[in-house]
Amino acid sequence: MSSEFKANLRDQLSYLGMTVQELADKSKISKRTIENYLSKRGSIPPADYACRMASVLGVSVEWLVMGHNEKKCKESSEEAELRAFIKKLASLSPEVRDAIKTLVFATAKVHATPQT
């Protein structure tokens, strides 16, 4: 089971483009502790750590630990994908962000207008 946790943790970090340091900062768990969970001798964290990591990663604890609960995982993955998009967007220059914002709002306005 610890290998499933390790694989799920690694996969979700990769999917989000998140570093171990970012997960450590956001979950308030030391980087070294998280690296231990990802190591060859990786173990499953205590419940409170698993909850904090799952929350930051946008997945259920059940999925993170066991790879189950596909429906919740799918919903959480959509939220995680949106967070990853926002993170990438935030890394762009203000000019590019403004251009994208203009495009998104214009597109939303066109799709919100009833067709006559």
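Reader: Which residues are exposed on the other side of helix H4, away from its buried ones?

Author: Ala-47 and Ser-55 are exposed there. Exposed means over 50% relative accessible area, buried under 20%, and partly exposed in between (1.4 Å probe, protein chains only). This is a predicted model: local features need pLDDT of at least 70, side-chain atom pairs count only at pLDDT 80 or more, while totals for chains, interfaces and linings use all residues. Residues are numbered from 1 along each chain as its sequence is written, and side-chain values use heavy atoms, with hydrogens and water left out.

Reader: Which residues of H4 are buried?

Author: Ala-50, Met-53, Ala-54, Val-56 and Leu-57. They cover an arc of only 165 degrees around the axis, so they sit on the same side of H4. The arc is taken from the directions that run from the helix axis to the C-beta atoms.

Reader: Step back to the whole chain. How many helices and strands does the chain have?

Author: Seven helices and zero strands. Both are DSSP runs numbered from the N terminus: helices are H or I with at least four residues, strands E with at least two. From the N terminus on, the order reads α-α-α-α-α-α-α. The chain holds 116 residues, of which 29% count as buried.

Reader: What share of the contacts with a separation of 6 or more comes from residues 24 or more positions apart?

Author: The share is 53%. A contact means heavy atoms within 4.5 Å.

Reader: Now helix packing. How are two packed helices described?

Author: By the angle between their axes and the distance between the axes. Axes are lines fitted to C-alpha atoms, for helices over the stretch in contact, and angles run from 0 to 180 degrees between N-to-C directions. Take H2 (residues 20-27) and H4 (residues 47-57). They pack at about 115 degrees, with axes 9 Å apart.

Reader: Which class does the pair H2 and H4 fall into?

Author: H2 and H4 are therefore roughly perpendicular to each other. The classes are: under 35 degrees roughly parallel, over 145 roughly antiparallel, 65 to 115 roughly perpendicular, and the rest oblique. The crossing of H2 past H4 is right-handed. For handedness, the near helix is turned from the far one by less than a right angle: anticlockwise is left-handed, clockwise right-handed.

Reader: Which residues make the contact between H2 and H4?

Author: H2 brings Leu-23, Lys-26 and Ser-27, and H4 brings Arg-52, Met-53, Val-56 and Leu-57. They divide into four nonpolar, one polar and two charged. Ala, Val, Leu, Ile, Met, Phe, Trp, Tyr, Cys and Pro count as nonpolar, Asp, Glu, Lys and Arg as charged, and the others, Gly among them, as polar.

Reader: At what angle do H2 and H3 pack?

Author: About 125 degrees, with the axes 9 Å apart; H3 spans residues 31-38. That angle makes H2 oblique to H3. The crossing of H2 and H3 is right-handed. H2 contributes Val-20, Gln-21, Leu-23, Ala-24 and Ser-27, and H3 contributes Lys-31, Ile-34, Glu-35 and Leu-38. The tally for this contact is five nonpolar, two polar and two charged.

Reader: Where do the buried residues of H2 and H3 lie around each axis?

Author: In H2, Val-20, Leu-23, Ala-24 and Ser-27 are buried. They span an arc of only 100 degrees, which puts them on the same side of H2. In H3, the buried residues are Ile-34, Tyr-37 and Leu-38. Their arc is only 100 degrees too, which puts them on the same side of H3.

Reader: Is Ser-27 buried or exposed?

Author: Ser-27 counts as buried, at 2% relative accessibility. Leaving out residues up to four places away in sequence, Ser-27 touches Ile-34, Arg-52, Met-53 and Val-56.

Reader: What sign does phi have in most residues other than glycine?

Author: Negative. Here, Lys-28 is not a glycine, yet its phi is positive, about 60 degrees. Lys-28 lies in the loop between H2 and H3. Its relative accessibility is 65%, so Lys-28 counts as exposed.

Reader: Which residue just after H4 takes a positive phi?

Author: Gly-58, at about 75 degrees.
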